[in-house]
Each structure stands twice: as C-alpha cells, then as structure tokens.
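Hi everyone, thanks for letting me take a few minutes today. Let's put the structure up and walk through some parts of it together.

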Amino acid sequence: IRKMSRWNLLALLLGLLLVAAPFSKHRLAWADEYDDDDDEAAPADDDEKDVVVLTESNFDDIVRKSKYALVEFYAPWCGHCKSLKPHYASAATSLKTAAPDVVIAKVDATVEESLGSKFGIQGYPSLKWFVDGELAEDYNGPRDAAGIVGWVKKKTGPPAETVSEVDKLTELEGENDVVVVGYFSAFEGEAFDTFITVAKKLDKVAFVQTTSAEVAKAAGLEAPGSLAIVKNFPGEGRAVASLLELDEEKASEFVLSERLPLTIEFNKANTEKIFNSGIARQLILWASADDLEAGSEVITAYKEVAAQFKGKLVFVVVNNEGDDSDPVTNFFGLKGSPSPVLLGFHAEKATKFKLQDPFSRESVEKFALSVADGTAQPEYKSQPIPDDPIEDGVHVVVGKSFESVVLDPTKDVLLEVYAPWCGHCKKLEPTYKKLAKRFKKVNSVVIAKMDGTENEHPAVEAKGFPTIIFYPAGEGANPVPFEGGDRSLKSLTKFIKAHAMIPYELPKKGTEDSASEEAPSAKDEL
C-alpha cells in the first residue's frame with residue numbers, strides 16, 4: 001500500500017467534522033456535529049465597531065503596520081462564523097483598551113478570494129495570528145470572548161503574571177480551571193528560565209510567578225524553585241513538582257498531564273479543552289449513566305487506568321443516554337450498540353480504534369497502552385460498493401473499493417475526499433465533473449471521489465473537506481496532496497499533468513469529449 005505523506009490542512013473542519021475546527025488542526029470530526037444554533041450563550045453585544053474589515057487593497061497596509069493582528073477568514077453563510085461573530089466583536093472591544101497594539105480584523109474569504117488562496121484557507125472560520133506583519137501561527141485558542149482575550153494577552157504580554165497578594169491568586173484561581181504557580185526567591189536563574197520557557201510554550205494555561213512566601217503557601221508550595229498546579233476539578237486539588245529537578249520537556253509534560261481532570265465529559269463546553277489539550281491521543285468511554293456513576297465497576301476501572309496514563313492520553317467519557325452523545329454515536333457508528341464501548345482516537349491522524357475484548361480493568365489498560373504506543377489496529381468504515389460506480393464520469397470510491405481503484409498501479413488517480421454537507425465541495429462539483437469529462441478518453445487517468453464521512457482507508461488522511469490527492473501509477477509511489485491552488489479546471493488539469501506517471505494526450509479543444517481549455521468562471525471555482 002502506498003503510504004500517504006502528511007500535510008497540514010488548515011482547519012480540520014467546521015461543519016461537522018472537520019470544518020469547525022479551523023481553530024485547531026487537532027480537532028476531531030465528531031466534535032463539530034453539534035447544531036450551530038445550539039451554541040453556548042454568546043455576548044449580547046455583537047457590535048463589530050472594533051473589528052477591522054480587511055480587503056485585498058488594504059490588507060498589507062493595515063497588517064504590516066501592526067505589531068500584532070488576529071485575522072478571521074470567514075464566509076457569510078457559515079453557521080460557525082455566525083456563532084463566533086458576537087464573541088469576536090466583544091473580544092475586539094475588550095482588547096481595544098487592554099491591548100491597543102493589537103488589531104482584530106476579519107476577511108470575507110468568499111469575496112477576497114486571493115487572500116483566502118494566499119493563506120491556504122480551506123475551512124471557515126479560520127483565524128491567523130500575525131506578528132510584525134508576518135504570519136506567525138494559526139489561532140488554536142478558545143472561541144468565546146474571554147478565551148480570545150486571554151489568548152491574545154498571553155501572546156502579547158508577559159507569559160506569566162506576577163502575583164504578590166493571596167487575594168489575587170484566589171481571584172485567578174476562580175477565573176481559571178487550572179493555574180500554574182511558580183515560586184522563586186528572585187525572577188532569575190535556571191529554574192525561573194525553565195518556568196518562563198514553558199509558560200511561553202503553553203499559551204492556553206494561566207501561569208503565575210511569585211516571590212511571596214504567603215502566595216506560595218496558599219498554592220501549596222514551600223521551597224523556592226518549585227511549581228504548583230492548582231486545579232478546580234471535583235476531587236482533585238494541587239500537584240506539586242520541583243523545577244530544580246525538571247528540564248523544559250519534563251516540566252511541559254508535567255503541566256500537560258495535570259491541566260485536565262482525570263476524565264473529562266464530552267459536551268459542547270469541553271470540546272476546546274479536549275482537542276486543544278496538547279495531547280493528540282484519546283480514549284473515549286461511551287457508556288450509560290449508571291456505568292458512569294461514581295463507584296461503578298466501569299468508571300472505577302476507567303479512572304484507575306486514566307491515572308496510569310495521565311499526560312499520554314485524554315480520557316473522555318460520553319453519556320450515551322444524553323443528547324451530547326449524538327456526535328460520538330454518529331461518527332463512530334454506535335447506534336444500537338450495547339454499552340459500554342471503549343474507543344480510541346488519534347486526532348492528528350484522524351485514526352479510530354475500538355476495544356474488541358470484553359470490558360475489564362485489564363483489557364482497558366492493555367487497550368490504553370496500545371493506543372498510547374501506536375500499536376493499536378485502526379478501524380475503517382465503508383459504504384457498500386455501488387453497482388454502477390460512475391457518476392457523470394467520476395468514479396465513486398468507497399472504503400472497500402479503495403485498493404482496487406485508487407491504489408491500482410496501472411492508473412494515475414485523482415481523488416477528491418468530500419462531505420455531502422460541505423459548501424466548498426458543492427462549489428467544486430461542476431468543475432470536477434468538467435475535469436472528468438476532459439479525461440474521459442484518457443484510459444490511464446481516473447477522476448474519483450469518496451465520501452469522507454462514510455468511508456475510510458489507511459492510505460488517505462483527510463483533515464478537511466474537500467481534500468484532493470493525486471495517487472501516481474506504479475508501485476510504491478507517494479500520494480501528492482493538492483495544496484494552495486484555486487481548484488479551477490485549469491489548475492487541476494495542470495496538477496494531473498505535472499504528477500502523472502503514464503504519458504497521455506488530452507482530446508483536442510473543441511472535440512466532443514473535451515472540456516473547455518479556458519479557465520472556468522468564478523462560479524466554478526472555490
């Protein structure tokens with residue numbers, strides 16, 4: 001099997017799956033199956049007076065002259081963009097005074113297509129962070145106003161807040177699920193440097209530095225050069241470590257291992273915590289309310305294993321009797337399944353796993369180890385192979401036919417992985433049909449498509465829709481992702497020509513089986 005090279009597709013979604021995650025490339029498909037209209041309460045004031053509108057004509061002038069800029073690329077029809085709008089506007093107003101050197105801006109990427117193409121926008125909303133006019137990173141932070149403000153402050157201000165009063169520490173503890181407290185005799189030295197480096201690296205966690213013995217005591221610290229993680233999780237208190245014994249890597253691992261509760265419930269409020277945890281691998285316990293009740297054999301075993309793998313796996317619990325379970329139930333195909341079901345998920349690779357043995361303390365531990373060390377065998381789903389797989393010249397591929405069609409060593413294959421609900425995919429459809437018509441009499445080239453919400457295969461890694469990949473003919477050839485192009489008929493034709501292993505000639509322009517050689521109109525492009 002030809003192995004697929006990894007590429008960075010911005011936005012693992014936000015539509016269900018992959019489309020709503022423009023904020024995080026580690027986000028999981030099933031996290032975004034929530035109805036947009038059922039989003040968490042937004043700020044009442046969605047006045048966008050402090051959000052700067054960017055266009056192709058003013059983008060460089062405004063962004064390049066700004067010390068910092070957070071730019072949202074959106075589509076007017078996008079439900080997730082609409083949900084974000086009041087939060088983004090509120091954050092812009094707050095930051096106008098709190099961080100005056102930061103520009104909060106937005107770009108309608110359906111109008112400013114050149115900007116969308118320039119920055120590789122493939123999902124909405126997509127947020128980009130600029131420093132001194134240059135793209136620094138994708139925004140992977142919270143989607144509520146307070147979270148956006150906190151993220152920006154962390155990026156533009158000191159990585160750790162200096163606290164000298166116990167009351168201030170108490171206030172910060174009330175505002176955050178987790179507060180990391182570093183106690184030092186002075187803000188200098190190797191231990192302090194390690195602390196600051198970790199604070200800069202983990203921008204989603206609140207860090208506090210102090211030289212006050214009283215503040216340190218309130219955080220559970222005694223000796224300078226030590227670190228405490230204060231947690232507001234039921235049944236969990238503080239975790240303490242000595243920075244004198246930790247290097248940067250181990251200090252980061254320590255914070256990551258303690259920033260989440262032992263197990264975390266899957267619901268809309270927790271999705272950002274789960275998928276932006278910094279831990280890519282997850283275990284997901286899909287079980288009844290009784291099985292999730294404290295003291296039950298199921299949850300007791302699950303938590304015992306969770307304690308063993310803290311920092312290596314995120315342990316998620318899903319009440320399969322509640323509405324919040326629908327995304328997990330649908331994505332993993334669990335409707336009607338007896339519970340409990342234990343699942344694994346690798347968010348970076350979009351790979352799914354399932355415990356096959358009966359649920360027990362021992363089987364859970366063994367399964368957790370296999371997911372953590374990468375030895376777990378993935379599960380892939382497939383629709384039935386259609387009786388007639390050709391639709392308007394496009395070969396319809398399913399998981400079960402992937403090997404025979406896409407990995408056929410005698411064919412050069414262009415594959416579109418799409419989602420039925422994806423707006424980008426619908427816009428691409430007429431162009432893709434024209435492409436299939438153009439290559440209709442080129443026997444060595446196959447124009448194919450696969451519904452990525454219903455079909456999977458280890459040789460395809462789709463982190464967003466549509467994902468277009470070219471599989472060259474021959475044994476062992478590496479697939480080539482289509483990146484950065486405009487997805488026009490002309491661009492896709494050139495892409496195939498550039499990577500095809502088998503020589504071919506297209507029908508001449510104007511013949512019955514040719515499609516126009518002219519670039520398609522804007523309505524045919526994304």
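Before we start, one definition: when I talk about a helix axis, I mean a line fitted to the C-alpha atoms over the stretch in contact, and angles run from 0 to 180 degrees between N-to-C directions. Also keep in mind that this is a predicted model.

Okay, helix 14 and helix 15. Helix 14 covers residues 423-438, helix 15 covers residues 489-499, and their axes come within 10 Å and cross at roughly 45°. So what do we call that pair? Helix 14 and helix 15 are oblique to each other, because oblique is what's left once you rule out angles under 35 degrees, over 145, and 65 to 115. The crossing of the two is right-handed. Who makes the contact? From helix 14 we have Leu 428, Thr 431, Lys 434, Leu 435 and Arg 438, and from helix 15 there's Leu 489, Leu 492, Thr 493 and Ile 496. Sorted by class, the contact of helix 14 with helix 15 has five nonpolar, two polar and two charged residues.

Now, on to a sheet. Here five strands make an open sheet with mixed pairing, and the order is 11-13-12-14-15. At the edges sit strand 11 (264-265) and strand 15 (351-354), each pairing on one side only. Strand 15's partner is strand 14, residues 341-346, and the two are antiparallel, with four bridges. If you want a spot to click on, Leu 343 is opposite Lys 354 of strand 15. Helix 10, residues 297-308, packs on this sheet and touches strand 12 (281-287), strand 13 (314-319) and strand 14; its direction makes about 165° with that of strand 13. Then there's helix 12, residues 361-373, lying across strands 12, 13, 14 and 15 and running at about 145° to strand 12.

Next up, strand 18, residues 412-418. Is it buried or exposed? Seven of its seven residues are buried, so strand 18 is largely enclosed by the rest of the structure. Asp 412, Leu 414, Glu 416 and Tyr 418 point one way, while Val 413, Leu 415 and Val 417 point the other way. Strand 18 runs parallel to strand 19, residues 445-451, and seven bridges join them. Val 413, for one, faces Val 446 in strand 19.

Last stop: Ser 257, which is in helix 8, residues 248-258. Ser 257 has 13% relative accessibility, so it counts as buried, since the cut-off is under 20%. Leaving aside residues up to four places away in sequence, Ser 257 touches Lys 310 and Gly 311.

Key
Residues numbered from 1 in each chain as written. Predicted model: local features only at pLDDT ≥ 70, side-chain atom pairs only at ≥ 80, totals over all residues. Heavy atoms only, no water. Buried < 20%, exposed > 50% of the residue type's maximum accessible area, 1.4 Å probe, protein only. Contact = heavy atoms within 4.5 Å. Pairing = 2+ DSSP bridges. Left-handed = near helix turned anticlockwise from the far one by under 90°. Nonpolar A, V, L, I, M, F, W, Y, C, P; charged D, E, K, R; others polar.
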